[in-house]
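Ready for a few short exercises at the screen? Have your viewer open and try each task before you read its solution.

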Amino acid sequence: MIPFLDLSSMTLEVRDDVMAKWQELLESGRFIGGEPVESFEREWAAFCGTPYAIGTANGTDALHLTLRAMGIGGGDDVVVPTNTFVATAEAVVLAGAKPRFADVDPDTLLMTGQTLKAAVTPATRAVIVVHLFGQMPDMTELTRTAAELGIEVIEDAAQAQGATWASARAGSVGRAGCFSFYPGKNLGAFGDAGAVVTSDEGLAERLISLRDHGRVLGSHYTHGAIGTNSRLDTLQAVVLSAKLRRLEAWNISRRHITATYRRLLDGEHVRLLHEADEARSVNHLAVIRVTDRDRVQVTLGRRGVATGIHYPTPCHLTEPYAHYCRTPLPVAEAAASEILSLPMYPHMTDDQVEYVCSQVNEAVREGTSR
Ligand SMILES: *Cc1c(COP(=O)(O)O)cnc(C)c1O
């Protein structure tokens, strides 16, 4: 059986480093904030090429607190792609604003300047661009379009730690970049964690306050804003620093696996997502498109290849979000019944990748010969 995702080899690589640091922490008793959080924030900011990184409890809070720190809330609209994990739209509602859903490009399944324009309303203050599956969309075009429209760009980079567009790191292009370190992401904690990166000092200061009960910097019981408790956990910061030292190697390995998928999958029956010349994906997921997807998925399952669907229903067609959108978004709707995510994790062996390819090719050909 080839699992869809196997975290155990990554865990094993960092286990000794993490245990040593956790031992020190247990002895010190400093479980909130402290050196491990500050170190990771410094390292993460440097990695992303931004002056500031602010740790949060998870990626959803990173997005929702960023919107609040930018003063976006009641009466405001925020454009999000409909083809995303629900948290992108959820964060907009949590901030008190309304999500407006944009369609995506048929080759990358990412938002474009055109689909952004089609979704924008007079009340739109910002767009959350999502680097889905590990790839940044055309940020040159999106940044230009947003500037023309007079709206802010926020990056949901939860699936794109280390990705670039024209050499700029994910998170460093918009006003703010929001990350999740959920265990299954390219850089994942041993639990929930997240962060925001930005070059805007004022925004960074507001986020530091909002994630910590609205505290005025340096004080304990002086509250300058209504915040929340969304601090990056100290135990998780230790894990993230240890894993960050390996992230580039792991991303290279994912790239190698993707290249093998591209080489060996039957290009006539299997459509792979396009990678733009200026983009360097970190291949969070290996998404293919096939007609007859449900049958292919069942067949693969029987032959020991676990797969996933990201995501089965575009956000604007899910019950809680349907009332925010009254127009069809045909590209995302058509893709939803064709997408299939193949196994992807850095320690997948060549044999495993080759086995997946042969099974996918067989499964799709069986469908066409009937
Ligand atoms: C994982 C993810 C999030 C949410 O992160 P959590 O840490 O689970 O709150 C947001 N957006 C995208 C695109 C994600 O993949």
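The exercises below work through a predicted model.

**Exercise 1. Disulfides**

Task: Find how many disulfides the model holds, and explain what rules out a bond at Cys178.

Solution:
- Step 1. A disulfide needs two cysteine sulfur atoms within 2.5 Å.
- Step 2. For Cys178, the closest cysteine sulfur belongs to Cys48, and it lies 11 Å away, so the distance is too far for a bond.
- Step 3. Applying the rule gives a count of 0 disulfides.
- Step 4. Now check the surroundings of two cysteines. Cys178 has a relative accessibility of 1%, so this residue is buried. Cys357, also at 1%, counts as buried because the cut-off is under 20%.

**Exercise 2. A salt bridge between Glu41 and Arg211**

Task: Work out which parts of the chain are tied together by the pair Glu41 and Arg211, and decide whether the two residues are buried or exposed.

Solution:
- Step 1. Start with the contact: the two side chains form a salt bridge with an N to O distance of 2.7 Å. The cut-off is 4 Å.
- Step 2. Place the partners. Glu41 sits in helix α2, while Arg211 is in the loop between α7 (201-210) and α8 (234-264), so the pair ties together parts 170 residues apart in sequence.
- Step 3. Look at the cover: both Glu41 and Arg211 are buried.
- Step 4. For context, a search of the whole structure gives 19 salt bridges.

**Exercise 3. Two further pairs**

Task: Locate the salt-bridge partners of Glu248 and Glu338, and classify each residue by accessibility.

Solution:
- Step 1. Glu248 meets Arg169 in a salt bridge at 3.4 Å, N to O. This pair links helix α8, where Glu248 lies, with strand β7 (residues 168-169), which holds Arg169; the two residues are 79 apart.
- Step 2. Glu248 has 43% relative accessibility and is therefore partly exposed, whereas Arg169, at 18%, is buried.
- Step 3. Glu338 pairs with Arg289, with the closest N and O atoms 3.2 Å apart. Glu338 is in the loop between α10 (330-336) and β13 (339-342), and Arg289 is in strand β12 (residues 286-289), so parts 49 residues apart in sequence are tied together.
- Step 4. Glu338 is partly exposed at 21%, and Arg289 is buried at 8%.
- Step 5. Finish with a network: salt bridges link Glu13, Asp17, Arg245 and Arg246.

**Exercise 4. A charged patch**

Task: Name the residues of the negative surface patch and the elements that give two or more residues to the patch.

Solution:
- Step 1. The negative patch consists of Glu24, Glu27, Glu35 and Glu38.
- Step 2. Helices α1 (8-28) and α2 (35-48) are the elements that each give two or more of these residues. Glu24, for instance, is found in α1.

**Exercise 5. Distant in sequence**

Task: For Ser8, Phe31 and Asp350, give the C-alpha distance to a residue far along the chain.

Solution:
- Step 1. Ser8, in helix α1, is 9.3 Å from His347, C-alpha to C-alpha, although 339 residues separate them in sequence. At 44%, Ser8 is partly exposed.
- Step 2. Phe31 belongs to the loop between α1 and α2. Its C-alpha is 7.8 Å from that of Asp233, 202 residues apart in sequence, and Phe31 is partly exposed at 44%.
- Step 3. Asp350, in helix α11 (residues 350-369), has its C-alpha 8.3 Å from that of Thr260, with their positions 90 residues apart along the chain. Asp350 is partly exposed at 42%.

Definitions and conventions: Residues are numbered from 1 along each chain as its sequence is written. This is a predicted model: local features need pLDDT of at least 70, side-chain atom pairs count only at pLDDT 80 or more; totals for chains, interfaces and linings use all residues. Side-chain values use heavy atoms; hydrogens and water are left out. Patches are made of residues with over 30% relative accessible area and no salt bridge: like charges are joined within 9 Å, nonpolar side chains (Val, Leu, Ile, Met, Phe, Trp, Tyr) within 5 Å. Accessible areas come from the Shrake-Rupley method with a 1.4 Å probe; for residues, only the protein chains shown count as cover. Lys and Arg count as positive and Asp and Glu as negative; His and the chain ends are not counted. The place of a charge is taken as NZ of Lys, CZ of Arg, CG of Asp or CD of Glu. Helices (H or I, at least four residues) and strands (E, at least two) are DSSP runs, numbered from the N terminus. Buried means under 20% relative accessible area, exposed over 50%, partly exposed in between (1.4 Å probe, protein chains only).
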